[in-house]
Amino acid sequence: MSKSHNLIAGSWCATIVSKTLSLRFAAHIAEKVLRTPITALLLISSIAVSSCSDNATAFKSIDITGAIYGKDFNISDQNGVPRRLKDFEGKVVVLFFGYTHCPDVCPTSLSELVKVKQLLGVQGERMQGLFVTVDPDRDTPDVLRAYMGVFDSSFIGLIPTQAQLKEIADDFKIYFKKVDGKSRTSYTMDHSAGTYIYDARGHLRLYAKYGMDAASLAHDIQILLRQTH
Amino acid sequence: MKLNYFFLTAVFFSHSALAQPVTVSDGWVRATVQGQRATGAFMRLTAKESAKLVAGSSSAAGIVEIHEMKMDNDVMKMTPLTNGLDLPIGKTVELKPGGNHIMLMDLKAPLAVNSNVSVTLTFQDAKGKKFSQELNLPVKALTSAGEHKR
């Protein structure tokens, strides 16, 4: 899959290069200066190749294209609607795990995603935020509906059953663990805090570590949107 | 007259802040939605003499704990600091999103933006003597990223 994407990106770059007058002009100048057409050609092709590979692989997140995990899910959202990955075809999906009783990591990740959407402008409509709770006992549909509404009403909260939670954690290679507190209700959840990003065809492409800034995420999402326009 | 009163109040508060062994600044609590029964309190603490933050309590929460947050291989882990949080002399220790924080748990009611939450912090000095300070912290939006003054 990675190769095919690179091929697409490569052919896209080749088209751009062949049509770029400025590069031809640069070749012309280089030829004049260097007086050797072959050197000039090498110089220009190296510029073209490096700029192309920048476009194809310059993700700020970790490129996990071709990953055999995290392929799909079937979990109800905060309104009781069953959701699968294919429901979001045509959109870049940004998915991460958390819980509402989380004091700062989860609200910070969600706030960043709100910023990402703003940075994307009109393209923001082609990004779908998905928040999967690792704490379905406390994150009831009512709680999650109110919580997601504070950030962005287009973001979807997924509430797995305990069995589905184990399944999705395995499928998505994420870690979660309940840490008992002083009272029955004051437990906390340790959990993976990274973000998975899918392209608009529903293929898992990127993993962003916790703390990645909104501008970098928006940059990566724009590349994915361009590739699957 | 009103202005004089304002100045008097300002002088009184700045004086009382100076008199406290631990200066607390930029404190805030993250708002919650209905049904969400835990949140974090964040602030900057500067102790005049070496001390430890050892406990907390609040009329708004059943349990108040001092938590350490760590990222371990991109997994968020929270642990109560059972031995307290060290406040070295004169050094500002920041409780901020993504780091150590005060956890308010078993909240009695949702915390609305622009309301205030009373939190009492208990410290312990180098000789083991305990003392408390009461704070009145503003509640900021759930979406706040912790805009501390840098």
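Two residues are in contact if their C-beta atoms, placed from the backbone, lie within 7 Å. By that rule, among contacts in chain B between residues at least 6 apart in sequence, 71% join residues at least 24 apart. The model described here is predicted.

**Chain B**

Chain B holds one helix and ten strands, and the helix comes before the strands when the chain is read from the N terminus. Of its 150 residues, 31% count as buried.

Strand β9 (residues 116-125) of chain B pairs with β3 (residues 51-58) of chain B and also with β10 (residues 130-140) of chain B. In the pairing with β3(B), B:Ser58 has B:Val119 of β9(B) as its bridge partner. In the pairing with β10(B), B:Asn116 is matched with B:Pro138. β9(B) and β10(B) form a hairpin with four residues between them. In the turn, B:Gly128 has a positive phi of about 90 degrees.

The table lists strand pairings, including one between the chains.

| Strands | Bridges | Direction |
|---|---|---|
| β3(B) and β9(B) | seven bridges | antiparallel |
| β9(B) and β10(B) | nine bridges | antiparallel |
| β8(A) and β5(B) | two bridges | antiparallel |

**Contact between the chains**

Chain B gives 26 residues to the contact and chain A gives 30 residues. On the chain B side, the elements that supply two or more residues are β2 (38-47), β4 (61-72), β5 (75-80) and β8 (101-107). This side of chain B has twelve nonpolar, nine polar and five charged residues.

β5(B) is also joined by bridges to strand β8 (residues 188-192) of chain A. There, A:His191 stands opposite B:Met76.

Conventions: Residues numbered from 1 in each chain as written. Chains lettered and ligands numbered in written order. Predicted model: local features only at pLDDT ≥ 70, side-chain atom pairs only at ≥ 80, totals over all residues. Nonpolar A, V, L, I, M, F, W, Y, C, P; charged D, E, K, R; others polar. Pairing = 2+ DSSP bridges. Buried ≥ 20, exposed ≤ 12 C-beta atoms within 10 Å, placed from the backbone.
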